[in-house]
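Subject: the two-chain model, plus notes

Hi,

Here is the structure I said I would pass on. Have a look at it first, and my notes follow underneath.

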Amino acid sequence: MNVKQQDKLATGVLYTIASLIILVLASLLAFILIQGLPRVTWHFLTTPARSFEAGGGIGIQLFNSFYLLVLAMLISVPLSLGAGIYLSEYAKKNWLTSLIRTSIEILSSLPSVVVGLFGFLIFVIQFKFGFSILSGALVLTVFNLPLLTRNVEESLASISSMQREAGLALGLSRWETVTRIIVPEALPGITTGMILGAGRVFGEAAALIYTAGQSAPALDFTNWNPFYIASPLNPLRPAETLAVHIWKINSEGIMPDAVAVSAGASAVLIIAVLLFNLSARWFGQHLYQKMTSSGKKGA
Amino acid sequence: MDPIRESLLKVSHQAKLERRGRLLGLFCISLIVLVVAAIFYFVASHGLATFYHDKINLWDFLTKQAWNPGTKDSHGVPAVGALPMIVGSFLVTIFAALVATPFAIGAAIFMTEISPRRGMQILKPVTELLVGIPSVVYGFIGLTVVVPVIRQLFGGTGFGILAGTFVLFVMILPTVTSMSVDALQAVPRYYREASLALGATRWQTIYKVVLRSATPGLLTAIVFGMARAFGEALAVQMVIGNAALMPHNLVSPASTLTSILTMGIGNTIMGSLENNALWSLALILLLMSLVFNLLIRLIGRKGAMKS
């Protein structure tokens, strides 16, 4: 076989591989959406789950997922901003900084079960938060912090150093330069990273099984006082999220329509992740136009 | 004191802001480092208790095959042999990487060398989307599609290493693919031009020039995928069968470190041997993720020296 034929053969093989992958991935998405979407009705999205009979929904789990997400992001966004700013603007090049970077890298590569077990030990048992939204949010923070921090750092580092020099030349302190000039310019990148991180948090289950718990007690959606035990906002109640719910009903196998419910829930999860992805792109661009003078006229 | 002198000597508002901001950043970063240290301390202290407090032989723990921490064997030693789980974890990881690598690198070559326009328009968004799909969804698909198919083809229950491999393969495929694309794109354009100018065909260029100069990046991508597969818990746990037995073949129920951990930790009492043994499994997971990290660094260093 001469080289030309080899070239043709290799090209053919590569085409086959590429189309195989598209086939696998497309059938994956199609399977979930075709199986799941017919289940997704308003009723399904709002009624509570039922353990032993068919016809339950995912209302509470869906709410828990979003509430947990909001809490986790509320804690992790400021922390990662501070840490990212420090790493990109203040940290000197020495062994301490490289130690910090290494530990962030290690944290980001830890299996989520290990992070979850750590959260179980610290937040649930030592701090006595019990299986609660608060424990879950803290664990998700630990799980998410390294990636968000790296994202903030990279976004800040990509801003040209002329901007910093200009700020300093105007008599601003370094901190003011960072918060008033550099961060706004890096905001599109930071926001995109945050939204993608939110998508990751939304689908995480392994870290939550032993922190946010595996039960979803009934909620009273008329009482929004955070200290009331059945209040949706109470951060100390156990809260099974959507992803945990899918895992639990499949491994317990007592719910008669577990397959249908998980298909519906999976479809909801995937659509949510898709929305996070799309909005990350759109929001990043929109913010960029708004915060800087580029793009729209007169902005 | 005259006002000019005073304003020069006083700490300015800017300087105060600066100090406060710096402290704030330092606080955030120390918190992260503290958390990492705490994770290591707590997992290690619980995981090592099996060996110090309960006097289990480390070698026995790693090589014995019977896992039933509640009972004792004929010598009165608790049956904590973690070998089935260790073997299970390594088998699914290695198989998944073996299957995923040709697909991922093939797709990456397709996207960067063969048909960049179509590849970037179709394949890239699809892989990016799939990176974000939650692992329970993969587990659910494995449970409802892969396991029944294996049951039909090979008999038995369908749960086992093969099902775990397949689920992990699909799971790590997008990650490895997108990292391989980055590695291939980092190869300078003039390498390809020089090779083509010498009369090499496209495949010769890809095989002899592009792939070789991108090897460190591709290896990093594969190791990264393996690290992800090794630490994955729920998707594997749903399809592997969770029997703490040595896997005899690819379709008999088996278990991994993560699956036994997720199943067991809620059913044991803190501080008991059963619980400590599970923490030792967590410690193995932690150490393995360190090993993967180290590997990636070594590859990076070697690759950096060449160029």
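Let's begin where the two chains meet. Chain B puts 66 residues into the contact and chain A puts in 67. On the chain B side, the top contributor is helix 2 (residues 13-52), which supplies 21 residues. By class, that side of chain B has 48 nonpolar residues, 15 polar ones and three charged ones. Before you go further, please keep in mind that this is a predicted model.

Now chain A as a whole. How many helices and strands does chain A have? The count is ten helices and zero strands, so in sequence order the pattern is simply α-α-α-α-α-α-α-α-α-α. The C-alpha trace of chain A spans about 75 × 70 × 45 Å along its principal axes. Chain A has 299 residues, and 46% of them count as buried. Looking at contacts in chain A between residues at least 6 apart in sequence, 72% join residues at least 24 apart.

Two residues in chain A are worth finding on your screen. One is A:A263, which sits in helix 10 (residues 258-291) of chain A. Is A:A263 buried or exposed? A:A263 is buried, because 26 other C-beta atoms lie within 10 Å and the cut-off for buried is 20 or more. Setting aside neighbours within four places in sequence, A:A263 is in contact with A:I32, A:Q35, A:G36 and A:R39. As for A:Y210, that residue is 53 residues from A:A263 along the chain, and their C-alpha atoms are separated by 24 Å.

The other is A:K128, in the loop between helix 5 (112-126) and helix 6 (133-157) of chain A. A:K128 is not a glycine, yet it has a positive phi of about 60 degrees. A:K128 has 9 other C-beta atoms within 10 Å and is therefore exposed, given that 12 or fewer counts as exposed.

Chain B has a residue to set beside that one. B:N242 is not a glycine either, and has a positive phi of about 55 degrees. You'll find B:N242 in the loop between helix 11 (234-240) and helix 12 (257-264) of chain B. B:N242 is buried, with 20 other C-beta atoms within 10 Å.

On to the domains of chain B. The domain assignment gives domain 1 (1-53) and domain 2 (83-306). Taken over C-alpha atoms, the centres of domain 1 and domain 2 of chain B are 37 Å apart. Each of these two domains of chain B gives seven residues to the contact between them. The domain 1 side of that contact in chain B is made of three nonpolar and four polar residues, with no charged ones.

Next, the largest nonpolar core, which has 174 residues. Which residues have the most contacts inside this core? They are A:V114, B:A163, B:V167, B:V239 and B:A282. Helix 7 (residues 161-185) of chain B gives the most to the core, with 16 residues. Domain 1 (1-53) and domain 2 (83-306) of chain B each supply at least three residues to the core. If you want to click on one of the core residues, try B:A163: leaving out residues up to four places away in sequence, B:A163 touches B:G142, B:V146, B:V147, B:I150, B:G158, B:V239 and B:I240.

Helix 10 (residues 215-231) of chain B makes a nice sanity check. At 1.5 Å a residue, its 17 residues should span 24 Å, and the end C-alpha atoms are indeed 24 Å apart, which agrees. Of those 17 residues, 14 are buried, so helix 10 of chain B is largely enclosed by the rest of the structure.

Finally, what the UniProt record has for chain B. An unreviewed entry annotates residues 21-44, 82-109, 129-150, 156-176, 218-240 and 277-296 of chain B as "transmembrane region". I looked at a couple of these in the model. Residues 156-176 of chain B are 76% helix and 0% strand, with end C-alpha atoms 32 Å apart. Residues 218-240 of chain B are 91% helix and 0% strand, and there the end C-alpha atoms are 29 Å apart.

UniProt, again in an unreviewed entry, also lists "domain: ABC transmembrane type-1" for residues 86-296 of chain B. That span of chain B is 79% helix and 0% strand in the model, with 21 Å between its end C-alpha atoms.

That's what I have for now. Shout if anything is unclear.

Cheers

Note on methods
Residues numbered from 1 in each chain as written. Chains lettered and ligands numbered in written order. Predicted model: local features only at pLDDT ≥ 70, side-chain atom pairs only at ≥ 80, totals over all residues. Helix = DSSP H or I, 4+ residues; strand = E, 2+ residues; numbered from the N terminus. Expected span 1.5 Å × (residues − 1). Nonpolar A, V, L, I, M, F, W, Y, C, P; charged D, E, K, R; others polar. UniProt positions renumbered as here; feature names shortened; annotations may be inferred. Domains from an automatic or database assignment. Core = buried A, V, L, I, M, F, W, Y, C linked by C-beta atoms within 7 Å.
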